[in-house]
Amino acid sequence: MSKPEPGSGKTRNVHKANSGAHSLEGRRPAAAKTQVAKSNAAGPSSGASAKKPAPSAKTVAATKGSYKAAYGKASTVTVFGHTFDKKQFYIAIAIGVLGVLLVICILLAVFSPLFKKSAAPAVSASAPAAQASSSANYDKDAHKIDTTLLDTTVLGLTEDAGPEYVTETLFIGDSNTARMPEYNSVTGVTLQNSIGIEGMGIQSVQYNTDVIFQGYSHRVSIPAAVTLMQPRRIVITFGTNNAGYNNVDSFIDSYATVLDAIHEAYTYADIIIGAVPPIAQGTSYGVVNMEAIDAYNAALAELADKEGYKFLNWTEALKDKNTGYIKAGYTVADGIHLNELAMKAMFDYFRTHSHIVEDTRPMPLNPIPWHLPTPSIAPSSSSAAAYSSSSSSSSESSSSEESAVVPSEPVESSSTPEESSSAPAESSSTPVESSSTPVESSSTPAESSTTPTEDAGDGDIIVTSDPGPAAAPEQPASSK
């Protein structure tokens with residue numbers, strides 16, 4: 001059969017037929033289209049390769065769960081048969097740990113003060129510490145005083161200077177000094193020529209205001225007290241409350257500062273550094289130990305030589321030469337505080353190792369206020385009134401003691417100024433006896449002097465004259 005020629009009628013009929021087929025496809029009902037789609041989904045005609053169906057969402061989730069279970073990445077945790085969400089489980093664990101730490105911190109804050117040791121605990125006979133001083137490694141010859149100082153600085157043997165040598169001296173120190181008036185029969189020391197404060201270390205001397213004088217509403221520091229008491233000489237002895245807590249350099253630095261302050265406060269007094277007393281072997285008292293005391297004393301002798309003072313080595317009268325500790329029977333039960341036997345040995349040594357030079361104090365001396373007992377370190381601010389009223393009649397009630405008014409400055413007991421004596425004021429070793437009736441005011445000058453009187457009726461404590469803030473007129477400082 002011959003091919004139809006282009007443009008012939010047969011060709012046009014073929015194109016027309018194809019166009020009609022396309023038109024019928026477009027006009028095929030929706031049901032027919034659905035059937036075709038299903039046929040296509042059912043697979044291609046025989047001989048064609050089949051396609052794998054896409055996995056459903058449920059199948060994918062199940063597969064992921066199996067993977068996590070197989071490789072340990074599950075989102076849950078099972079503990080004691082209970083299943084927990086892993087994230088919430090870890091959060092709960094973290095909260096529990098923080099809670100435990102918080103409880104521990106609270107317990108430490110509450111109970112740690114019960115076990116904390118102070119930096120330099122006070123030496124008190126009623127409360128010995130638990131830690132024993134080490135005696136096994138103590139070498140009594142490790143810290144000896146430089147022998148070259150024996151002829152210049154360390155006081156040597158002299159004739160007995162007598163009791164007057166004691167009464168002209170002001171003793172400053174800690175609890176062992178505070179006990180000197182208690183053994184007055186062997187020491188000759190009274191409250192009027194001693195300032196002893198229990199628990200005080202050298203670092204507190206210059207700044208603590210712990211000295212109480214009758215007629216003063218406020219306490220004063222030790223240098224200020226020296227100005228008021230105007231002694232001929234001073235023996236200063238600190239170190240027991242520092243031994244084992246402060247190294248030698250810091251101890252000596254503090255000591256030098258205190259000596260300067262006292263010398264500037266009253267330049268007329270000769271200053272003697274007293275050796276720190278030894279302690280008993282096996283003493284349990286914090287970290288106080290003989291090695292530290294020996295090191296302090298050797299350094300104090302050098303300090304005295306450097307600054308132009310004298311050094312009183314009265315440990316020679318107290319130490320056992322074989323052990324280096326204090327002699328047996330020379331302390332009370334705590335092994336720290338000296339008893340009457342030790343005090344007698346100390347003051348026998350003091351009087352026979354004297355230092356007597358010209359008295360350069362300006363005469364007459366200013367009236368000296370009455371020195372009252374000083375409590376331990378850091379007493380309450382209301383204690384001054386209590387100590388002032390303690391010297392009055394024992395029949396006074398506690399309410400009258402609390403209401404006592406102490407003037408900020410000493411006041412005079414007479415309506416006219418008190419006449420000053422041309423002779424040096426004498427210091428009494430015993431206080432004026434208190435009266436149950438108020439001191440009567442007089443229109444004439446008062447008779448005496450330096451001893452204070454008390455008004456027991458209204459509680460006002462008075463002195464017969466104003467010692468003034470400056471105890472002596474200015475003049476060039478004497479040699480140390």
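**Reading a predicted structure, feature by feature**

Visitor: In which helix is the place of Asn-176?

Guide: Asn-176 has its place in helix α6, which covers residues 175-178. Please keep in mind throughout that this is a predicted model.

Visitor: How should one read its surroundings: is Asn-176 buried or exposed?

Guide: A residue counts as buried when its relative accessible area is under 20%. Asn-176 has a relative accessible area of 6%, so it is buried.

Visitor: With which residues is Asn-176 in contact, once its neighbours within four places in sequence are left aside?

Guide: Asn-176 is then in contact with Pro-277, Ile-336, His-337, Leu-338 and Met-343. For the protein chain as a whole, consider the contacts with a separation of 6 or more: residues 24 or more positions apart account for 77% of them.

Visitor: What share of the protein chain do buried residues make up?

Guide: Of the 480 residues in the protein chain, 39% are buried. The chain exposes about 27,000 Å², and carbon and sulfur atoms supply 56% of that area.

Visitor: How many helices and strands are there in the protein chain?

Guide: The protein chain has 13 helices and twelve strands.

Visitor: How does one read a sheet, and what is the order of the five strands in the open sheet here?

Guide: The general idea is that strands of a sheet pair through backbone hydrogen bonds, either parallel or antiparallel. In this structure, the open sheet of five strands runs in the order β4-β3-β7-β8-β9, and its pairing is parallel. At the edges stand β4 (194-196) and β9 (310-312); each has a single partner strand, so one side of each lacks a neighbour in the sheet. On average, neighbouring strands of this sheet are turned by 20° against each other, direction ignored.

Visitor: Over how many bridges do β7 and β8 pair?

Guide: Strand β7 (residues 233-237) and strand β8 (residues 270-274) pair in the parallel sense over four bridges. Within this pairing, Val-235 stands opposite Ile-272 in β8.

Visitor: Which helices lie across strands of this sheet?

Guide: Helix α8 (residues 222-229) lies across β3 (169-173), β4 and β7, and runs at about 170° to β3. Helix α10 (residues 290-307) lies across β8 and β9, and runs at about 155° to β9.

Visitor: Why may α8 be called largely enclosed by the rest of the structure?

Guide: Seven of the eight residues of α8 are buried, and therefore the helix is largely enclosed. Among these buried residues are Ile-222, Val-226 and Met-229. Just after α8, Gln-230 takes a positive phi of about 50°.

Visitor: Which pairing, parallel or antiparallel, is found in the open sheet of three strands?

Guide: That sheet has the order β6-β5-β10, with antiparallel pairing. Its edge strands, β6 (220-221) and β10 (371-372), each pair on one side only. Strand β5 (residues 209-213) pairs with β10 in the antiparallel sense over two bridges, and Phe-213 stands opposite His-371 in β10.

Visitor: Let us turn to the surface. Which residues make the nonpolar surface patch of about 650 Å²?

Guide: The patch is made by Ile-93, Val-97, Leu-98, Val-100, Leu-101, Ile-104 and Leu-108. As a general idea, an α-helix has 3.6 residues a turn, so residues three or four places apart point the same way. One of the patch residues, Ile-104, has its place in helix α4 (residues 86-115).

Visitor: Why does Ile-104 count as partly exposed?

Guide: Partly exposed means between the 20% limit for buried and the 50% limit for exposed. Ile-104 counts as partly exposed because its relative accessibility is 42%.

Methods
Residues numbered from 1 in each chain as written. Predicted model: local features only at pLDDT ≥ 70, side-chain atom pairs only at ≥ 80, totals over all residues. Heavy atoms only, no water. Pairing = 2+ DSSP bridges. Axes fitted to C-alpha atoms, helices over the stretch in contact; angles between N-to-C directions. Contact = heavy atoms within 4.5 Å. Buried < 20%, exposed > 50% of the residue type's maximum accessible area, 1.4 Å probe, protein only. Areas by Shrake-Rupley, 256 points an atom, 1.4 Å probe, with all protein chains shown as cover. Patch = residues over 30% accessible without salt bridge, like charges linked within 9 Å, V, L, I, M, F, W, Y side chains within 5 Å. Salt bridge = Lys/Arg side-chain N within 4 Å of Asp/Glu carboxyl O.
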